[in-house]
Amino acid sequence: MTISDTIAAISTPPGEGAIAVVRISGANAIEIADKIFRGKEKPSRFASHVQHLGEIFSAENELIDQAVVSVHRAPASYTGEDLVEISCHGGTLVSAKVLETCLRADVRAARPGEFTERAFLNGKMDLTQAEAVIDLIRARTDLALRSATEQLEGRLGDRIRKIRDELIALLAHINASIDFPEEGIAPDEGEMLRDRLDSIREEIGVLLATADQGRVLREGVRVVIYGATNAGKSSLLNRLLGYDRVIVSDTHGTTRDTIEETFNLQGIPIRLLDTAGLRVSGSDLEREGIARTEKSLQLADLRLHIADCSAPKPPHFNSRKLSEFNGQADDLNEIVVLNKSDLPEDADWKNFGALRISCLTREGLPQLQKEILTRIRQQNLRPESSIAINTRHRDCLRRALESCDLARAALGQGVSTEYIAVDLDKALHAVGEVIGVTDVEQILDSVFSQFCIGK
């Protein structure tokens, strides 16, 4: 992977704002700045990390904008290369004109995430820190923000390096005994070798246990609201969000597609999905919506099954297995909610132990939110630690643990140390993939493609 060319991109979000930032990074970044910037002195004479006011001119000597320019000399820059930042006015056209001027001065447009990729390739951060940049940008709760910040500071990377160092030490000792038997270097025997390997397996297991919490921090808990038509699903979504996101109507089948929004419930990102009402329908469009409802239910972390307590009990409730204790579904993934408690309750619901709420008066909503948090905690989905791995980390660590388990089993069977070394070498490679210390160009492409251009 070459990083010899000079790149440029707009690093601020599209649209209008006070300023827009255009970044140039690479060996020729400062030379390019000399060509397009006019001020009291050329950028090549700037002290590093000091801003200078001047003007940006095109190759045709056309004034583009007044701007503030700073030079960040390698290696003390975000990318580890010479980097120039141009802060111009934040209009869509003017920032595009500044970028175009850079590109016409023999600069290549950056790919998504390429600035952070270069920071990784130049040793400014490990791969977990690079991933933390996008987590930081996407954080929706205080805990997600803290998790991303600590990962960016290197806490997760430090734990991975510790595991890797322990594997290297163990593997080096075993390989030495294999390669130099005449030196009398014996591998750790019996209990000592097993203890060292068990310690590594335990540390990997502790990190793997944070995978679901990491998913929650990054993606949110998937909560699906479903039930018969006109039960109040859309009204409940609006109440939980705190604003009117969905059209509410007495007409059956108003919601025909899945609608998703996210809100923060005591530090936990909740992805709420409002679904099409369940009923027999002659409409192809409505049937498609009901099919999507069923698919959403299969992927849900938690289901809110809502019914209208002022109407007779729907037929599908009679076949549900309900706990004798509280009338809730035995499945911890589901909460039964009876809406419209402000109206007289139909006799069918007598002694039916569900949560009763009124989306009209808000009665019972605090209790519902409390129950949602309880169910999340019971499923171990509530993030308690700021260190939480992502899906890619989980895949790497699972492979590492499987290889360590094979090595551990081989130890118990008295297998030759050469075979144990092969399994440990696979574990070492898998752990190294987490922080990007092996040949993982395909993994890098996957990671950095998630970034916006200019980051």
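This report describes the nonpolar cores, a mixed sheet, one helix and an antiparallel strand region of a predicted model.

## Nonpolar cores

The largest nonpolar core of the model comprises 33 residues. Within this core, the residues with the most contacts are Ile-160, Leu-167, Ile-204, Leu-207, Leu-397 and Leu-424. Two or more residues are given to the core by each of the helices α6 (155–179), α7 (190–208), α13 (391–412) and α14 (417–435). Of these, α14 supplies the largest share, with nine residues.

Ile-204 illustrates the packing in this core. When neighbours within four places in sequence are left aside, Ile-204 is in contact with Ile-163, Leu-397, Ala-400, Leu-401 and Cys-404. Another core, of 27 residues, lies apart from the largest one, and its members include Leu-240, Leu-241, Leu-304 and Ile-335.

## The six-stranded sheet

Six strands form an open sheet with mixed pairing, in the order β9-β10-β8-β11-β12-β13. The edges are occupied by β9 (259–265) and β13 (355–356); each has a single partner strand, so one side of each is left without a neighbour in the sheet. Strands of a sheet pair through backbone hydrogen bonds, in either a parallel or an antiparallel arrangement.

Strands β8 (residues 221–227) and β11 (residues 302–308) run parallel and are joined by five bridges. Here Val-223 stands opposite Leu-302 of β11. Helix α9 (residues 233–241) lies across β8, β9, β10 (268–274) and β11, and runs at about 155 degrees to β10.

## Helix α5 and its two sides

Helix α5 (residues 142–153) has 12 residues, which at 1.5 Å a residue should span 16 Å; the end C-alpha atoms are 16 Å apart, in agreement with that expectation. The buried residues of α5 are Leu-143, Ala-144, Ser-147, Ala-148, Glu-150 and Gln-151. These residues cover an arc of only 165 degrees around the axis, which puts them on the same side of α5. An α-helix has 3.6 residues a turn, so residues three or four places apart point the same way.

On the other side of α5, Asp-142 and Glu-153 are exposed. The helix is followed by Gly-154, which has a positive phi, near 105 degrees.

## Antiparallel strands β3, β4 and β5

Strand β3 (residues 37–38) pairs with strand β4 (residues 51–57) in the antiparallel sense, over two bridges. Arg-38 has Glu-55 of β4 as its bridge partner. Strand β4 also runs antiparallel to β5 (residues 63–72), to which it is joined by seven bridges. In that pairing, Glu-55 stands opposite Gln-66 of β5. Glu-55 thus has a partner in β3, namely Arg-38, and another in β5, namely Gln-66.

The hairpin of β4 and β5 has five residues between the strands, and Asn-61 takes a positive phi near 65 degrees in this hairpin.

## The loop position of Ala-76

Ala-76 is located in the loop between β5 and β6 (83–90). With a relative accessibility of 43%, Ala-76 counts as partly exposed, because that class lies between the buried limit of 20% and the exposed limit of 50%.

Ala-76 and Ser-48 are 28 residues apart along the chain, and their C-alpha atoms are separated by 8.7 Å. Leaving aside neighbours within four places in sequence, Ala-76 is in contact with His-49 and Lys-124.

How values were computed:
Residues numbered from 1 in each chain as written. Predicted model: local features only at pLDDT ≥ 70, side-chain atom pairs only at ≥ 80, totals over all residues. Heavy atoms only, no water. Core = buried A, V, L, I, M, F, W, Y, C linked by side-chain atoms within 4.5 Å. Buried < 20%, exposed > 50% of the residue type's maximum accessible area, 1.4 Å probe, protein only. Helix = DSSP H or I, 4+ residues; strand = E, 2+ residues; numbered from the N terminus. Contact = heavy atoms within 4.5 Å. Pairing = 2+ DSSP bridges. Axes fitted to C-alpha atoms, helices over the stretch in contact; angles between N-to-C directions. Expected span 1.5 Å × (residues − 1). Arc of directions from axis to C-beta.
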